Amino acid sequence: MSWRKTGGKILEKNLTDLQKEVDDYIQQFKVGYFEPLAQMARLTEEVGELAREINHYYGPKQKKASEPAKTVAEELGDVFIVTMMMANSLDIDLTTAFNENMTKFYNRDAKRFERKEDEDEN
């Protein structure tokens, strides 16, 4: 969910609201959504930028002094928005996709990992 402070109020948004906001933003431009392959290339580029930031913050690679300051959160945000753009252009409801994938994870991984409460019983 997202929160945005406006006029002293905090507005809570769900995935549907977020996808609509991204669509409203894109619809103001004549070019509209890019073709799926171009979007995949853009998403890959954004994931690469996220990987670079992760490597700077948590890995051995130091950021060059000439590189602009960016954060992992900023890069994750870019990945998230580009993902919503791609979903919108392909008419994919991310709430439905999320729910279906979580159901898959709950079922597939129900006994896959040791649970924290299992530690308490020992």
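Helices are DSSP runs of H or I with at least four residues and strands are runs of E with at least two, both numbered from the N terminus.

**Figure 1. Overall fold of the predicted model.** In this predicted model, the protein holds five helices and two strands, and from the N terminus on these elements follow the order β-β-α-α-α-α-α. Buried residues account for 20% of the 122 residues, and the accessible surface comes to about 9700 Å², with 57% of that area belonging to carbon and sulfur atoms. Of the contacts between residues at least 6 apart in sequence, 52% join residues that are at least 24 apart.

**Figure 2. Helix α3 and the elements that cover it.** Helix α3 comprises the 18 residues 72-89, which at 1.5 Å a residue should span 26 Å, and the distance of 26 Å between its end C-alpha atoms agrees with this expectation. The buried residues of the helix are Val-72, Glu-75, Val-79, Val-82, Met-84, Met-85, Met-86, Ala-87 and Asn-88, and their cover includes α1 (15-27), α2 (36-58) and α4 (94-108). Just after α3, Asp-91 adopts a positive phi of about 55 degrees.

**Figure 3. Lys-13 of strand β2 and its partner Glu-21.** Lys-13 belongs to strand β2, which covers residues 9-13. With a relative accessible area of 11%, Lys-13 falls under the 20% cut-off and therefore counts as buried. The side chain of Lys-13 is joined to that of Glu-21 by a polar contact of 2.3 Å.

**Figure 4. The largest nonpolar core, with the surroundings of Val-22.** In soluble globular proteins, nonpolar side chains tend to be buried together. The largest nonpolar core in this model consists of eight residues, namely Leu-18, Val-22, Ile-26, Tyr-33, Met-84, Met-85, Ala-87 and Leu-94, and α1 and α3 each supply at least two residues of this core. When neighbours within four places in sequence are left aside, Val-22 is in contact with Tyr-33, Ile-81, Met-84, Met-85 and Asn-88; among these partners of Val-22, Tyr-33, Met-84 and Met-85 are also listed as members of the core.

**Figure 5. A second, separate nonpolar core.** This core holds six residues, including Leu-43, Leu-50, Val-72 and Val-82. Val-72 and Val-82 are also among the buried residues of α3, whereas Met-84, Met-85 and Ala-87, likewise buried in that helix, belong to the largest core.

Conventions: Residues numbered from 1 in each chain as written. Predicted model: local features only at pLDDT ≥ 70, side-chain atom pairs only at ≥ 80, totals over all residues. Heavy atoms only, no water. Buried < 20%, exposed > 50% of the residue type's maximum accessible area, 1.4 Å probe, protein only. Contact = heavy atoms within 4.5 Å. Areas by Shrake-Rupley, 256 points an atom, 1.4 Å probe, with all protein chains shown as cover. Expected span 1.5 Å × (residues − 1). Polar contact = N/O pair within 3.5 Å; in protein donor to acceptor, adjacent residues only side chain to side chain. Core = buried A, V, L, I, M, F, W, Y, C linked by side-chain atoms within 4.5 Å.
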